Amino acid sequence: MSTATADPNGPWPGSPFPLGANWDGDGVNFTLWSPHAVGVDLCLFDEAGNERRLMLSESTYHVWHGYVPDIGPGQRYGFRVHGPWSPQAGHRFNPAKLLMDPYARAYSGHVVNGPSLYGHNGDASRGWPDGQDSAPDTLRSVVLARTIGLSHTRPRVPWEDTVIYELHVRGFTMRHPDVPDHLRGTYSGLAHPAVIDHLVKLGVTSVELLPVHHMVPEPFISGRGLTNYWGYNTLGYFAPDSRFSSRGDTGGQVEEFRDMVAALHAAGIEVILDVVYNHTAEGGADGPTLSFRGIDNIGYYRVDSSDASRYVDYTGCGNTLDARQPAVLQMLMDSLRYWALDMGVDGFRFDLASALARSMHDVDQLSAFMAVIHQDPVVNQLKLIAEPWDVGAGGYQVGNFPPLWTEWNGRYRDAVRDLWRGGTSGLGELGYRLSGSSDLYQDDGRRPFASINFITAHDGFTMRDLFTYNHKHNEANLEQNRDGTDDNRSWNCGVEGETDDGAVIALRNRQIRNALATLVLSAGVPMLTAGDEMRRTQGGNNNAYCQDNEVSWMDWKLDPEAESLLGFTSRLLDLRAKAPVFRQRSFFVGAPADLDSPVSDLSWFRPDGGLMSPDDWNRHDARTLGMFLDGEQIRNRTLRGERIVDDSYLLWIHAADGDLEVRLPGPPWARCYQVVFDTARPDLPDGSETLDGGTARPLSAWSTVLLRAVR
């Protein structure tokens with residue numbers, strides 16, 4: 001139990017900038033933005049947990065500040081903020097609650113959910129302030145020495161060459177046999193040579209890490225004996241989560257993260273962070289008071305204009321951070337620059353990005369958030385990925401984000417899932433998705449790489465489960481299977497769940513190969529989900545956000561089927577890396593780049609070998625499509641302006657029961673063809689089968705075949 005004493009000798013005035021706790025070698029300058037507070041206490045804790053309170057008497061530009069000499073790195077601290085308790089006016093100040101510094105670079109300790117964490121007694125909207133001291137049950141902010149800059153060179157992978165691999169720091173290494181036990185599930189585990197070797201051999205260029213900002217699990221999850229495994233419940237936007245640290249929680253997590261980034265960069269692999277700037281871990285009005293709510297509730301959160309005791313919730317998580325506020329925007333930008341400049345991060349995927357772009361109510365691509373991102377000389381040079389939706393009205397914004405942004409292309413996911421479950425209603429939508437989604441991204445000056453193509457992600461079925469289950473099986477989440485989407489667009493291949501039927505297993509494995517081949521060879525940027533290349537299953541759980549166990553962890557013990565799929569996936573990514581025709585920076589135009597050529601840069605074929613007509617695209621029974629990419633018609637140029645020439649390829653997709661013969665187009669497209677791969681015959685060597693143009697080639701049911709054209 002801590003004891004608190006007030007210090008009559010307050011801190012020196014200090015400076016209102018920079019925000020946070022900043023050590024200069026002689027002492028620490030503390031600052032906290034709170035425009036509606038009437039007083040702020042700085043709380044310093046010693047090793048025994050005793051608390052020393054210092055009143056910050058200076059306030060400049062709504063920033064409370066003070067300088068404390070003779071303290072430095074390792075000092076644990078927090079704030080208690082005084083002000084009105086008036087929930088209906090949006091004010092929830094309660095100095096009984098110890099509050100975390102939003103700008104802290106590290107947090108120490110754990111949150112123990114209990115009554116002391118809640119700022120209110122009775123109804124959250126009409127109740128009175130709770131007087132219990134929360135200090136024994138919450139985190140401490142930690143003063144760190146500032147580390148600036150990187151000592152190594154970033155990979156700087158061009159967008160068109162990028163292959164994203166979405167993974168969870170903990171789950172990826174928890175069961176890896178070559179990672180020492182004490183490093184499993186940590187930043188150091190992800191940096192282990194055996195783990196990096198897998199990424200390099202697989203052929204990915206960029207890892208996208210599920211949230212690593214310090215987070216606190218929701219009370220309702222903790223009450224079930226579970227936790228927020230995914231981490232989409234951020235508390236600190238500058239602090240690496242200590243649950244992934246093997247070096248303690250008083251600053252070691254920061255250096256460990258930096259070392260992980262350096263190790264991945266040394267292997268040529270970029271680091272992209274999935275960031276949650278749309279809401280915080282404090283949840284709705286009845287949630288705990290941990291930081292922002294007690295510092296200045298209406299300064300940080302969007303509240304209902306008719307009743308400020310209620311939050312505007314565009315996130316489905318109880319609150320929405322108010323990115324319209326200049327100080328909140330400053331915090332977000334300071335956070336992004338910190339992770340880029342001090343921690344070495346190469347890009348960001350913005351969770352529920354539409355919530356950040358809302359002005360009054362509607363999503364506004366000219367909002368302040370979009371403007372500051374666009375003009376920032378550091379952030380605008382990074383990889384920026386939007387999850388282009390939120391849960392509010394009009395929140396689905398696929399295709400509508402402005403230049404500089406790429407997007408998780410939900411329409412690509414849906415079209416390809418529909419294709420391989422046999423649910424297409426014509427091939428028109430598929431044609432756009434395979435060729436880079438020009439209908440979504442071309443009119444505003446963006447390139448094909450604006451489309452982040454994915455079929456699976458952390459949220460939803462794994463690739464194996466996509467072809468094993470028609471329905472979600474989320475009972476382990478203890479929500480009576482009510483959580484998670486019912487719109488899975490999946491197909492169990494005739495049997496729900498695992499089976500020992502050899503024919504069903506073979507079909508499922510072929511379907512996984514079909515989906516991966518479609519993903520890797522589509523124009524745009526492919527994103528794979530960790531483990532899909534090794535048949536990872538979650539047992540039909542399509543919402544494993546609270547499963548910090550073997551449901552979610554990667555299984556590195558590979559059976560022959562998993563080994564085969566891993567080899568096939570590596571082969572696909574190696575082909576993509578070597579063939580610029582699959583990595584084009586410009587959209588196809590359906591016409592020759594060279595006026596003397598009789599062949600277009602992109603041609604589409606029917607099974608009979610004829611070119612697709614407008615009516616063919618709209619046929620509801622069409623399930624087979626040929627896509628010819630001409631490697632002599634690439635519009636890209638090298639940095640020196642040199643022409644790029646590649647082989648030409650014909651991709652056949654056959655998403656239907658029953659074998660089918662297709663006619664291979666002859667000259668001028670090709671004199672003959674070499675089969676590169678056939679998903680129905682995964683062991684077929686590249687080039688072992690050659691066919692003349694104009695002849696027929698059988699396609700097995702539910703298969704994909706890639707052929708290399710020879711002229």
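In this predicted model, Met627 stands opposite Leu651 in strand 27, and this pair belongs to the contact between strand 26 (residues 624-629) and strand 27, which run antiparallel and are joined by six bridges. Both strands are part of an open sheet of six strands, in the order 25-26-27-32-29-30, with antiparallel pairing. The edge strands, each of which pairs on one side only, are strand 25 (602-605) and strand 30 (690-692). Averaged over the sheet and with direction ignored, neighbouring strands are turned by 25° against each other.

Helix 14 (residues 502-521) packs on this sheet, where it touches strand 27 (649-654), strand 29 and strand 32, and its direction makes about 45° with that of strand 32.

The strand pairings for which bridges are counted are set out below.

| Strand pair | Sense | Bridges | Opposed residues |
|---|---|---|---|
| Strand 26 and strand 27 | antiparallel | six bridges | Met627 and Leu651 |
| Strand 27 and strand 32 | antiparallel | six bridges | His654 and Ser703 |
| Strand 29 and strand 32 | antiparallel | six bridges | Phe677 and Leu706 |

Strand 32 (residues 703-710) is thus bridged to strand 29 (residues 672-678) as well as to strand 27.

Strand 27 is mostly covered, six of its six residues being buried. In a regular strand, side chains alternate between the two faces of the sheet. Tyr649, Leu651 and Ile653 point one way from strand 27, whereas Leu650, Trp652 and His654 point the other way, and all of these residues are buried. Among them, His654 has Ser703 of strand 32 as its bridge partner, while Leu651 faces Met627.

Definitions and conventions
Residues numbered from 1 in each chain as written. Predicted model: local features only at pLDDT ≥ 70, side-chain atom pairs only at ≥ 80, totals over all residues. Heavy atoms only, no water. Pairing = 2+ DSSP bridges. Helix = DSSP H or I, 4+ residues; strand = E, 2+ residues; numbered from the N terminus. Axes fitted to C-alpha atoms, helices over the stretch in contact; angles between N-to-C directions. Contact = heavy atoms within 4.5 Å. Buried < 20%, exposed > 50% of the residue type's maximum accessible area, 1.4 Å probe, protein only.
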